[in-house]
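Subject: Structure for your review

Dear colleague,

Please find below the structure that I am handing over to you, with its sequence. My findings follow directly after it.

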Amino acid sequence: METTAAPLLQPPNIKQLADSPDLHFIPSNYVHSSNDPADSSATDPGELNSIPVIDFSQLTSGDPHRRSIAIHHLSKACQDWGFFMVVNHGIPENLMKAVIDSTHEFFNLPEEDKREYAGKQVLDPIRCGTSFNASKENVFFWRDYLKVFVHPHFYSPTKPQGYRDIISEYCEKIREVAKKLLGGISESLGLEENFLDKALDLKSGLQIFVGNYYPSCPQPELTMGMPPHSDHGLLTLLIQNQVSGLQVQYQGKWINVNALPNSLLVNSGDHLEIFSNGKYKSNMHRAVVNNKVTRISIATAHGPSLETIVSPASPLIEKENSPAAYIPMKYRDYLELQQSNQLDGKSCLERLKISRN
Ligand SMILES: O=C(O)CCC(=O)C(=O)O
Ligand SMILES: [Fe+2]
């Protein structure tokens with residue numbers, strides 16, 4: 001006879017927990033063990049570890065000299081950090097604010113309005129939930145999320161009113177920025193500007209809109225909003241409600257990201273690492289919480305089309321005469337693998353690495 005394991009008890013949304021009156025201590029199943037990853041301390045950037053800044057207007061100016069400077073900066077940022085801030089990107093400030101505010105409103109909707117998107121499969125186009133993958137975790141994260149597939153087919157929750165139009169406009173604009181950054185990155189690898197676009201079928205590329213909700217927490221140092229991880233896909237572009245919380249790893253140390261006003265915070269993802277054959281490492285990052293205010297972040301992930309089999313770019317292997325360091329894998333399969341397990345550093349990418357010992 002077949003037996004099925006009893007499902008783990010699902011926690012309530014973090015919003016419900018954080019809103020409960022007289023919450024002075026967090027439940028033990030939100031406390032992460034002392035060595036990892038709850039040690040949320042990090043240093044601020046200084047002169048020797050200042051986070052790279054890319055001037056988007058330089059990249060798109062049409063002046064070849066200015067563009068080549070921007071591409072050089074992109075190349076260095078991708079090699080050293082896998083993370084950079086983008087300024088002068090042209091996305092209107094009021095649109096960024098509208099997308100953050102309306103996402104906050106989404107999380108404030110009555111539970112029954114959000115329920116229709118809860119408990120879905122990882123490739124369902126709209127889903128919301130708490131922690132990262134609560135059905136697989138024993139210790140939870142101080143976070144609720146909303147994930148929406150917005151390209152190549154556009155979906156959107158129906159509430160709050162006007163949300164659909166705001167998400168649609170924001171995602172279209174941010175996709176254009178991502179596309180131009182990826183064109184620059186393609187060139188920075190010594191390839192044609194549109195090589196990456198064509199090789200990874202970006203016209204049908206997957207774009208996922210992720211809203212993250214981190215309410216204030218009475219014991220922020222004991223828990224985490226998101227554990228250390230790298231993102232799937234090529235580039236994730238993130239904005240936030242002027243509340244810090246993102247930390248990135250640089251030379252083995254955690255660095256607080258103090259965002260420049262109106263900047264986009266950009267992480268390189270696992271598929272850029274694979275495509276570049278390891279030249280551009282995907283960035284490890286995490287999110288910490290605080291005891292004062294709710295933090296909202298909007299991460300937009302940009303990947304190849306779901307059916308693309310991603311492997312190291314062939315000209316890089318031939319030109320540089322370096323063997324492929326990653327096993328090819330369909331993006332859809334990778335996404336499913338990463339999203340249906342616990343989020344654990346770069347463990348998913350590690351499975352594809354070819355060791356040459
Ligand atoms: O909220 C943040 O700053 C990080 C979010 C994040 O890493 C993600 O959604 O993948
Ligand atoms: Fe992330």
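Met226 has Ala287 as its bridge partner in S11. Please bear in mind throughout that this is a predicted model. The pair belongs to the contact between S6 and S11, which run antiparallel and are joined by two bridges.

These strands are part of an open sheet of four, with antiparallel pairing and the order S6-S11-S8-S9. Strand S6 (226–229) and strand S9 (253–256) form its edges, each pairing on one side only. Ignoring direction, neighbouring strands of this sheet are turned by 20° against each other on average.

Both Met226 and Ala287 also belong to the surroundings of ligand 1. The other residues around ligand 1 are Val210, Asn212, Asp231, Leu238, Gly245, Leu246, His285, Ser297 and Ala299. Three elements contribute two or more residues each to this shell: strand S5 (207–214), strand S11 (285–287) and strand S12 (295–302). Sorted by class, the shell holds six nonpolar, four polar and one charged residues.

Leu238 and Ala299, which both appear in that shell, are bridge partners across S7 and S12. S7 and S12 are paired in the antiparallel sense over six bridges. On the side of S10, strand S7 (residues 235–240) is joined to strand S10 (residues 264–268) by four bridges, again antiparallel. Within that pairing, Thr236 stands opposite Asn267, and Leu237 has Val266 as its bridge partner.

S7, S10 and S12 belong to a second open sheet, in which eight strands follow the order S1-S2-S10-S7-S12-S5-S4-S3 with mixed pairing. Its edges are strand S1 (53–55) and strand S3 (126–130), each of which pairs on one side only. From one strand to the next, the twist averages 25°.

Two helices lie across this sheet. Helix H3 (residues 64–80) crosses S1, strand S2 (83–87) and S10, and runs at about 155° to S1. Helix H4 (residues 93–108) lies across strand S4 (144–151), S5, S7 and S12, at about 110° to S12.

How many residues of S7 are buried? Six of the six are, so the strand is largely enclosed by the rest of the structure. In a regular strand, side chains alternate between the two faces of the sheet. In S7, Leu235, Leu237 and Ile239 point one way, while Thr236, Leu238 and Gln240 point the other way.

Two of these residues, Leu235 and Leu237, are also among those that touch the most other members of the largest nonpolar core. That core comprises 83 residues, and Phe84, Trp142, Ile167, Val177 and Val266 complete the list. Helix H6 (residues 163–188) supplies its largest share, ten residues. Leaving aside residues up to four places away in sequence, Leu235 touches Ala178, Leu181, Leu182, Val266, Ser268, Gly269, Leu272 and His302.

Finally, is Arg115 buried or exposed? This residue, found in helix H5 (residues 111–115), counts as exposed because it has 11 C-beta neighbours inside 10 Å, where the cut-off for exposed is 12 or fewer. Arg115 and Cys128 are 13 residues apart in sequence, and their C-alpha atoms are 8.2 Å apart in space.

With kind regards

Terms used
Residues are numbered from 1 along each chain as its sequence is written. Chains are lettered from A and ligands numbered from 1 in the order in which they are written. This is a predicted model: local features need pLDDT of at least 70, side-chain atom pairs count only at pLDDT 80 or more; totals for chains, interfaces and linings use all residues. A residue is near a molecule or strand if its C-beta atom, placed from the backbone, lies within 6 Å of it. Ala, Val, Leu, Ile, Met, Phe, Trp, Tyr, Cys and Pro count as nonpolar, Asp, Glu, Lys and Arg as charged, and the others, Gly among them, as polar. A nonpolar core is a set of buried Ala, Val, Leu, Ile, Met, Phe, Trp, Tyr and Cys residues joined through C-beta atoms within 7 Å. A residue is buried if 20 or more other C-beta atoms lie within 10 Å of its own, exposed if 12 or fewer, and partly exposed in between; C-beta atoms are placed from the backbone. Two residues are in contact if their C-beta atoms, placed from the backbone, lie within 7 Å. Two strands pair if DSSP finds at least two bridges between them. Axes are lines fitted to C-alpha atoms, for helices over the stretch in contact, and angles run from 0 to 180 degrees between N-to-C directions.
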